[in-house]
Amino acid sequence: MSETESSDGRRIAVEARDRVRFEEEALELSDQVYRVARRLVSSREEAEDLVQETYARAFRNWRSFQPGTNLRAWLFRILTNLNIDRGRREQRAPAFEPIEEGDYFLYNRLEEAGGSSDEERIVERLSQDEVVSALAAVPHDFRDVIVLVDIGDFSYTDAAQILDIPVGTVMSRLHRGRRVLKHELAEKALRA
Amino acid sequence: MSGDCGETGPCAKCEELLQPYVDRELTAEERAEAEGHLAACGYCAKRYRFEESLRMYVKRCCEEPMPTELKERLLSLRTPLA
């Protein structure tokens, strides 16, 4: 075997090993990827398609991932780009009426409504279905940020990189989005 | 940002710091300022704790295990070993 052949062989073996490691590490994150995808789109089927496409693209483009950087953020960037590209979000967020209520609004309403005023138990008055449907009612641009930060546990900086928006925009969307979420939750909880 | 907000209603600063406080995104200095206020103001302390509980509760409500079948489909996307 010539020297070139043996060095090619080594290169191929190293590449195969790196690829296997990359795929394994990416798959270890799949539960988190699914959890976030499930809240970015409206149906389970769409979420499954989105996750599958994300992994197909990640495995195809694995060489463009720089080892040692944040793989989780890299995968979620693919996920959110695919979600936007596929036009699932083609309806832009409607011009949204600013919510007048302050940040303490939901707590104040729940407290007024009576029952336990234990602030750590009071949330349990909201049912799981109410929470999930209230989140689904938040306009896309705001919801993407809430889902990445609250469900994906990303920092503001990571969420900004994933969505390709400034950190200040992450903060303002998060703030407005959470107000919308609380407004929706109050409507649902107090209607009952 | 001093005293109890229960009488006057929360000041703008309390609301401004609420979100980044709960997200642990405040600088050390801002965090100390928020904590100093929370130690003195039961009104805000309750609402900050509620906000933290709400955040965790939303996350818990959104837990949904990945379907096994999808997990298998992802495994099938792996590059076959030569």
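This report walks through a predicted model of two protein chains, from the whole chains down to single residues.

## The two chains

Let's start with the broad picture. Chain A contains nine helices and zero strands, and its pattern along the sequence reads α-α-α-α-α-α-α-α-α. Chain B has five helices and zero strands, so to speak a row of α-α-α-α-α when followed along its sequence.

The table sets the two chains side by side.

| Chain | Residues | Buried residues | Accessible surface | Share from carbon and sulfur atoms |
|---|---|---|---|---|
| Chain A | 192 residues | 45% buried | about 9,800 Å² | 46% of the surface |
| Chain B | 82 residues | 41% buried | about 4,500 Å² | 53% of the surface |

How do the chains connect parts that lie apart in sequence? In chain A, take the contacts with a separation of 6 or more: 69% of them are between residues 24 or more positions apart. In chain B, among contacts between residues at least 6 apart in sequence, 57% link residues at least 24 apart.

## Two helices inside chain A

Now look at helix α5 (residues 105-112) of chain A, which packs with α9(A) at an angle of about 15°, their axes being 9 Å apart. That angle makes α5(A) roughly parallel to α9(A), since angles under 35 degrees count as roughly parallel. The crossing of α5(A) and α9(A) is left-handed.

Which residues make this contact? From α5(A) come A:Phe105, A:Leu106, A:Arg109 and A:Leu110, while α9(A) supplies A:Lys182, A:His183, A:Leu185, A:Ala186, A:Ala189 and A:Leu190. Sorted by character, the residues in the contact of α5(A) with α9(A) are seven nonpolar, one polar and two charged. As you trace these residues in the model, a general point helps: an α-helix has 3.6 residues a turn, so residues three or four places apart point the same way.

## Where chain A meets chain B

Helix α9 (residues 167-191) of chain A also takes part in a contact with chain B. Its axis and that of helix α4 (residues 42-61) of chain B come within 13 Å and cross at roughly 80°. This makes α9(A) roughly perpendicular to α4(B), because angles of 65 to 115 degrees fall in that class.

On one side of the contact you will find A:Arg178, A:Leu181, A:Lys182 and A:Leu185 of α9(A), and on the other B:Glu51, B:Leu54, B:Arg55 and B:Val58 of α4(B). The residues of this contact of α9(A) with α4(B) divide into four nonpolar, no polar and four charged. A:Lys182 and A:Leu185 appear both in this contact and in the one with α5(A).

## An enclosed helix

Why is helix α8 (residues 156-163) of chain A described as largely enclosed by the rest of the structure? Six of its eight residues are buried, so the rest of the structure largely encloses α8(A). The buried residues of α8(A) are A:Tyr156, A:Asp158, A:Ala159, A:Ala160, A:Ile162 and A:Leu163. They pack against α4 (71-85), α7 (140-151) and α9 of chain A, together with α2 (12-22) of chain B.

Another buried spot is A:Thr54, which sits in helix α3 (residues 44-60) of chain A. A:Thr54 counts as buried because its relative accessible area is 0%, and the cut-off for buried is under 20%. Apart from its neighbours within four places in sequence, A:Thr54 is in contact with A:Leu75, A:Ile78, A:Leu79 and A:Leu82.

## Residues with a positive phi

Most residues other than glycine have a negative phi. Here are some residues that have a positive one.

A:Asp153 is not a glycine, yet has a positive phi of about 60°. A:Asp153 lies in the loop between α7 and α8 of chain A and is partly exposed, with a relative accessible area of 49%. A:Asp164, just after α8(A), also takes a positive phi of about 60°.

In chain B, the phi of B:Arg24 is near 55°, a positive value in a residue other than glycine. B:Arg24 belongs to the loop between α2 and α3 (28-40) of chain B. Is B:Arg24 buried or exposed? B:Arg24 counts as exposed, because its relative accessibility is 58%.

Terms used: Residues numbered from 1 in each chain as written. Chains lettered and ligands numbered in written order. Predicted model: local features only at pLDDT ≥ 70, side-chain atom pairs only at ≥ 80, totals over all residues. Heavy atoms only, no water. Axes fitted to C-alpha atoms, helices over the stretch in contact; angles between N-to-C directions. Helix = DSSP H or I, 4+ residues; strand = E, 2+ residues; numbered from the N terminus. Parallel < 35°, antiparallel > 145°, perpendicular 65-115°, else oblique. Contact = heavy atoms within 4.5 Å. Nonpolar A, V, L, I, M, F, W, Y, C, P; charged D, E, K, R; others polar. Left-handed = near helix turned anticlockwise from the far one by under 90°. Buried < 20%, exposed > 50% of the residue type's maximum accessible area, 1.4 Å probe, protein only. Areas by Shrake-Rupley, 256 points an atom, 1.4 Å probe, with all protein chains shown as cover.
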